[in-house]
Amino acid sequence: MAVAALSGAEQRRSRIAPLDVALRYGTTVMAFVTATIVFLVAIFLIIYAFPAIAFNGFGIFTHLEWNLGNQYGSGVEHRGGFIGAPGASFGAVVFVVGTVVSSALAMAIATPLAILVAVAMHYRVPRRLKTPVNTLVELMAGVPSVVYGLWGVGVLVPWISNSVGPFLAAHFSALSFIGSGAGSGNGLLASSFILAVMVFPIMAATMRDVISTFPQIVFEGAIGLGATPWQSVTTMVLPAIRTQMFAAAMLALGRALGETMAVLMVCGSALNQVPNSIFAPINTIAAVIVSQLDSALTDPTGMAERSLAELALILFAITLSVNLVARLIMRGSDRVKRTA
Amino acid sequence: MSEMTVSGAPAETTARSLSRGSPLVTIQRNVGWGISLLALAGALAILLAIFWFVLSRGLPALRPSIFTTVTSGTAGGLENAIAGTLMLVICGVILVAIIGFGTGIWLSSYAPPKPRELVRLLTDVLAGVPSVVVGYFGYILLVKLAGWQFSLAGGSIALTIIMLPYVVRGTDLALEAVPRELREGGFALGATYTTVLMTVSWPYALPSVFTMLLLAMGIALGETAPLIYTAGWSNYMPTLHATHSPVPYLTYVIWTFISQPFAESHALAFAAAAILMMMILVTNVFARSWLEGLARKQRGESS
Amino acid sequence: MRPLRILLALVAFSITTTAAAFAAAELLETGSSLVYPLMNLWVPVYTKAHDVKITTQATGSGTGISQAVAGVAQIGASDAFMSDSQLAQGKMLNIPLAISAQQVNYNIPGLNDVHLNFSGPVLAGIYDGSIHFWDDAKIKSINSQYGSKLPHEAIIPIRRSDGSGDTFIFTQYLSASAPSWKSGPGYGTTVNWPAVSNSVGANGNAGMIQACQGAKFSIAYIGVSYIDQTNQAGLGYAALENAAGKFVLPTEPNILAAAGAKDKETPKDERISLIFAPGANSYPIINYEYAIVHPKQKDAATATEVKNFLSWALTSGQDKTYLDKVHFIALPASIANLSKAQVAEIGS
């Protein structure tokens, strides 16, 4: 039962008191602070990246390489009104592809599983086990991303290299996307898996929580009409909480797109190549920013650092677009349901 | 998903194919529950595997003295890192509670439709900003421009930015879920809006709000990149100064010591990871048990 | 609400009183992760005997230089000296503190306990993809002893994904000995690595070891302070061709020979590459580990502390008990003197 903002009548109905005014004013200020923070980050990125935007032009979307240029030579290169090291050429293709594909794969794996697990956590787990299970799932979100990375390097990557790769190569060798052998194990599969594990608890814990506030009476009502618990869940509960599930998924997607350390350690750090199989190395925007920031600081023209900021801006734009598109889809399907 | 469509399908066929005993339904529900329980078991198994991975490698370094000695180079204890982590997280949580709860309340209660959607969109986009970008943003703005150097204030603000989307959305969703009848009951009794919010809506929403807050805290505790650029690192106990004083934290130990050529450093890194996870577990357990009592009172759940 | 208000008041109070309250000398050393282990052997000993607080950090050479320039750190550690264009932005002292080296490791089952020979051109060929298999004729031609045992397997070149001094000195070796590499990717803490289908990027020296260990038929370049780890991991290390055409191992005498060969050429500002040094026994990949220091520290007290620590590092710190643990070697006496002269220039 979603409640929208107070209607004007509601607000007039409640007796106005100084505390009300203070609360309204205070929370509006806080909302303003939040919005300002996001705008500040965006403006920071735009200002910082501007020289790189001018220098790189559209090349950033077409070049496959990330070349800082010769920093120990003499002279500089002039493009777009700004200078960079001679031979500098920055291309974001590899990173954009890596980010989008790994996040998409991670969400594809984690979202349905999170929904299923949230349902199980509320409707199937015995009462006495509920608290421990809930705590453990939430604990998954608290594992440091570095630790996920270490586990990935120490356990997941060898497993992919020694077991998953050969298995798929033996049975699916025709499908080169999955069957061409694992190489070192670092790559798209490892990154997507780790990301899926990392975003799963965000969605599962939130969705379980939302399901637990869903009126039990509606659930039981469907059963009274002859549905099995599974049917009741899928036809009554899940559709009703679609907005909340969507909200949780958007937060999870944000985490996947922006995850830095864990991906850095298992992605294989692809340069100049886009993945042609799930075992191919990839690179993501967040990972490349972390790994290249130190090198970028040695560029005396500063163009490398600015280009990394440009990458961050591109990621910001990707996140914004995905959020907008997803919202449009949700709103569209809402409208279809209502008019049906 | 078997939507009860209104158009097209003859009622009889729909009813029969959806009846309890039909094979289609039985397969659906068995597969459904089967997969969900399997996935749950799998998730818990991975968590336990990671816990074991960390604990087994950190055990050599987990002596009581680890809590009373500061780091000495890449050896020694973790007293300073633990203290620093606690300080950073407490400051961050306080700050994010103020800003995040406030924004969430505004979103669910006061916001006109268009600004509300805008702020929700902005918060979701903020969740997608990589932690290293937040850190570098903090470095340029706070460490250099504002001249704070490496500081507790800078680190806390960086953590707050990381946690903000979760707390805002969590509060927003939790308050939205409060049943209309409950609130209108409060108004009917003549309460002001603030009273209704504080005595009816907020207590009802608190468990959900806390779920998100704990989630956010867990994520913040596990972050490295933002703190490297704002809190720096210190081999000594953190001072209580808000600025001009670097703060140590456990994730630095994990990230840096693990790549040292000494076995003792590796053990310390894993010990730091184990301690961090224990901190989150303990906080979760305490918060949960406190909330259990609250929830049972507020929701009047049929036990 | 009361506790909250008190807390906010405290926070405000701390912020306002903080600037003046930053009292006793506290130094920050940040930068190269290659020097980090050595700094962490020096600092605890030094701070126990002197009243100063020194924090060490491993953030990378680039960060070390940038934070030293910005005054955020007092000592920036770097594996590379500052280039002319970097110095144009502000004069900084590049002070060598020790000499480190780098080995080339490989993981070839059956050959890990012997030392294969590699030359700059061969390594350049491996890393640019023109040499694809281990039993390539070019590799065999320089390995008369074990060439026949080389398997027909694809080489997996492992490179550093993060910007690193190791990449800097490795690519300097390739540039110095292979003209095709020099005009191609060149050298730097990050280079535009040619696209080789098998190649893998690893994070940090520890990551390089793990990747090399996990991938059979791989090759990696790893700092000499990790040679104990690489031996433990069962990886082999190579003899590299030096400027005199001989293949030498990264042993202490060979590193010393290279250091000695270049020490007369070292200018006063000590910015010189030790790569590919002349001499029959010189190991080709060695470098000075630099402390990048601003000649004008923020106040006299800080300047004194920095000078004292660096002087100690250049005298007592050169003792084998510290350097042996990380397999570095001490600066030759003439170089140490040049460094001390630079330290004397630190003021406020």
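## A helix crossing in chain A

Let's start inside chain A, where α4(A) and α8(A) make a right-handed crossing (the near helix is turned clockwise from the far one; anticlockwise by less than a right angle would be left-handed). Helices here are DSSP runs of H or I with at least four residues, strands are runs of E with at least two, and both are numbered from the N terminus. The axes of α4 (residues 93-123) and α8 (residues 188-212) of chain A come within 6 Å and cross at roughly 35°. Those axes are lines fitted to C-alpha atoms over the stretch in contact, with angles running from 0 to 180 degrees between N-to-C directions. The contact of α4(A) with α8(A) has 21 nonpolar, 7 polar and 1 charged residues. In this scheme, Ala, Val, Leu, Ile, Met, Phe, Trp, Tyr, Cys and Pro are nonpolar, Asp, Glu, Lys and Arg are charged, and the others, Gly among them, are polar.

## What you're looking at

This is a predicted model, where local features need pLDDT of at least 70 and side-chain atom pairs count only at pLDDT 80 or more, while totals for chains, interfaces and linings use all residues. Residues are numbered from 1 along each chain as its sequence is written, and chains are lettered from A and ligands numbered from 1 in the order in which they are written.

## Chain A as a whole

Chain A holds 14 helices and 4 strands, and its C-alpha trace spans about 80 × 65 × 40 Å along the principal axes. Of its 340 residues, 55% are buried, meaning that 20 or more other C-beta atoms, placed from the backbone, lie within 10 Å of a residue's own (12 or fewer is exposed, and in between is partly exposed). Take the contacts in chain A with a separation of 6 or more: 76% of them come from residues 24 or more positions apart. A contact means C-beta atoms, placed from the backbone, within 7 Å.

## Where the chains touch

Chain B meets chain A through 95 of its residues, in contact with 85 residues of chain A. On chain B's side, helix α2 (residues 23-58) brings the largest share, 17 residues. That side divides into 62 nonpolar, 22 polar and 11 charged residues.

Over at chain C, 29 residues are in contact with 26 residues of chain B. Several elements of chain C each supply at least two residues to this side, including α1 (2-21) and α9 (204-214). α1(C) gives the most, with 7 residues. By class, the side of chain C that touches chain B has 15 nonpolar, 12 polar and 2 charged residues.

## Strands and a helix in chain C

Strand β12 (residues 286-293) of chain C is mostly covered, with 8 of its 8 residues buried. It runs antiparallel to β4(C), joined by 8 bridges, and antiparallel to β3(C), joined by 3 bridges. (Two strands pair if DSSP finds at least two bridges between them.) Look for Y290(C) in β12(C): S78(C) stands opposite it, and so does P96(C).

Chain C also has an open sheet of 3 strands in the order β5-β10-β11, with mixed pairing. Its edge strands are β5 (117-118) and β11 (247-248), each pairing on one side only. β5(C) runs parallel to β10(C), with 2 bridges, and N117(C) has A239(C) as its bridge partner.

Finally, find α2(C), where the buried residues include Y36(C) and W42(C). Among the elements covering the buried residues of α2(C) are β1 (26-31) and α12 (300-314) of chain C.

Methods:
Two residues are in contact if their C-beta atoms, placed from the backbone, lie within 7 Å.
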